[in-house]
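Good morning. I will walk through one chain today, starting from a single residue and working outwards. Please look at the sequence and the model as I go.

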Amino acid sequence: AASPPRRNRSKAAGSRNRRRGDERDESVRRRIIAAAAQLYREHGYERASMSDIAGRIGMTAPALYWYFQSKEDILAAFLEHTIANLIEFVGSSVRSRDFPQRLWEFMHAYVLWQLRQKDISAAYERIFALGHLRNSLPPRQREKIKSLERQFYRLCRGIVARGARAGRFRPPAVPPVAFALIGMVEHLIAWFRPAGRLSIRRIATLYADLAVRMVGAGAKRR
């Protein structure tokens with residue numbers, strides 16, 4: 001068979017190189033976000049400078065500006081990454097067609113995510129408590145973050161609403177119950193101690209069982 005034209009080979013090689021470059025850039029961006037999360041948790045957002053974040057991963061501050069133009073851009077990327085990761089993890093864990101079990105899976109996965117990623121979840125909680133930080137972001141970034149938050153709420157509300165319509169749940173009202181279920185988990189990181197009597201999986205199971213009882217249903221246990 002004839003060899004492909006040199007021009008086509010060059011285009012293919014250029015495309016591969018661009019993909020590799022994009023992958024490397026994305027890997028560095030993830031490292032920057034992880035470093036920022038550690039600093040947010042340890043010192044708060046205000047005291048986490050660009051130089052501090054760069055130093056945490058062995059990078060110079062000028063090099064950091066290649067990936068993010070400002071502290072606000074890193075904050076927005078951190079918030080977006082955190083909520084998107086939560087949605088992906090919890091959503092992929094909800095598999096059952098049985099509504100009580102679906103709610104059990106939702107809550108179990110939510111607790112696992114909160115307690116297994118302490119740097120991320122604790123940093124997010126600290127920033128979320130200071131609402132002015134999120135609200136100080138540019139409107140486009142702020143709306144994207146709020147949209148992701150609404151998506152996670154709809155995931156929970158949808159399970160409760162569909163279970164109620166099917167006669168499997170007896171919630172007094174769907175939206176307040178969905179908010180209550182999410183709120184149960186939000187501050188777990190504040191009191192959980194890895195060396196405590198209860199393991200992460202045990203706490204996840206307790207919370208999942210409690211969630212199912214809250215909506216007036218029973219569920220199979222893992």
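I start with Ile-33, which sits in helix H1, residues 6-43. A helix here is a DSSP run of H or I with at least four residues, a strand is a run of E with at least two, and both are numbered from the N terminus. Before going on, note that this is a predicted model, in which local features need pLDDT of at least 70 and side-chain atom pairs count only at pLDDT 80 or more, while totals for chains, interfaces and linings use all residues. Residues are numbered from 1 along each chain as its sequence is written, and side-chain values use heavy atoms, with hydrogens and water left out.

Is Ile-33 buried or exposed? Ile-33 is buried, because its relative accessible area is 10%. The cut-offs are these: buried means under 20% relative accessible area, exposed means over 50%, and partly exposed is in between, with a 1.4 Å probe and protein chains only.

What does Ile-33 touch, leaving aside its neighbours within four places in sequence? Ile-33 is in contact with Phe-68, Ala-77, Phe-78 and His-81. Contact means heavy atoms within 4.5 Å. There is also a distance to give: the C-alpha atoms of Ile-33 and Ala-76 are 9.8 Å apart in space, with these positions 43 residues apart in sequence.

Now the whole chain. Its secondary structure comes to eleven helices and zero strands. Of its 222 residues, 44% count as buried. Among contacts with a separation of 6 or more, 69% are between residues 24 or more positions apart. The chain exposes about 12,600 Å², and carbon and sulfur atoms supply 51% of that area. Accessible areas come from the Shrake-Rupley method with a 1.4 Å probe; for residues, only the protein chains shown count as cover.

One helix to look at is H5, residues 99-116. At 1.5 Å a residue, its 18 residues should span 26 Å, and its end C-alpha atoms are 26 Å apart, which agrees. The expected span is 1.5 Å times one less than the number of residues. Of the 18 residues of H5, 17 are buried, so this helix is largely enclosed by the rest of the structure.

Next is Ser-121, in helix H6, residues 118-129. Ser-121 counts as buried, because its relative accessibility is 2%. A polar atom of the Ser-121 side chain lies 2.7 Å from the backbone oxygen of Gln-114. A polar contact is a pair of N or O atoms within 3.5 Å; within protein, one must be able to donate a hydrogen and the other to accept it, and residues adjacent in sequence count only if both atoms are side-chain atoms. Not counting residues up to four places away in sequence, Ser-121 touches Trp-113, Gln-114 and Ile-189.

On to charges. Side chains of opposite charge can pair when their charged atoms come close. How many salt bridges does the structure hold? It holds six, a salt bridge being a side-chain nitrogen of Lys or Arg within 4 Å of a carboxyl oxygen of Asp or Glu.

Back in helix H1, Glu-26, Arg-29 and Arg-30 are linked in a network of salt bridges. Arg-29 meets Glu-26 at 4.0 Å, N to O, and Arg-30 also meets Glu-26 at 4.0 Å, N to O. Arg-29 and Glu-26 are three residues apart, about one helical turn. Arg-30 and Glu-26 are four residues apart, again about one turn. An α-helix has 3.6 residues a turn, so residues three or four places apart point the same way. Glu-26 is partly exposed at 37%, and Arg-30 is partly exposed at 44%.

Another salt bridge joins Glu-80 and Lys-144, with the closest N and O atoms 3.5 Å apart. This pair links distant parts of the chain, 64 residues apart: Glu-80 is in helix H4, residues 71-93, and Lys-144 in helix H8, residues 139-165. Glu-80 counts as buried at 18%, while Lys-144 is partly exposed at 46%.

Last, the rings. The whole structure has six aromatic pairs. The ring centres of Tyr-153 and Phe-179 are 4.3 Å apart and their planes are at 15°, so this pair is stacked. Rings of Phe, Tyr and Trp (its six-membered ring) pair if their centres lie within 6.5 Å; planes under 30 degrees apart count as stacked, over 60 as edge-to-face and the rest as tilted.
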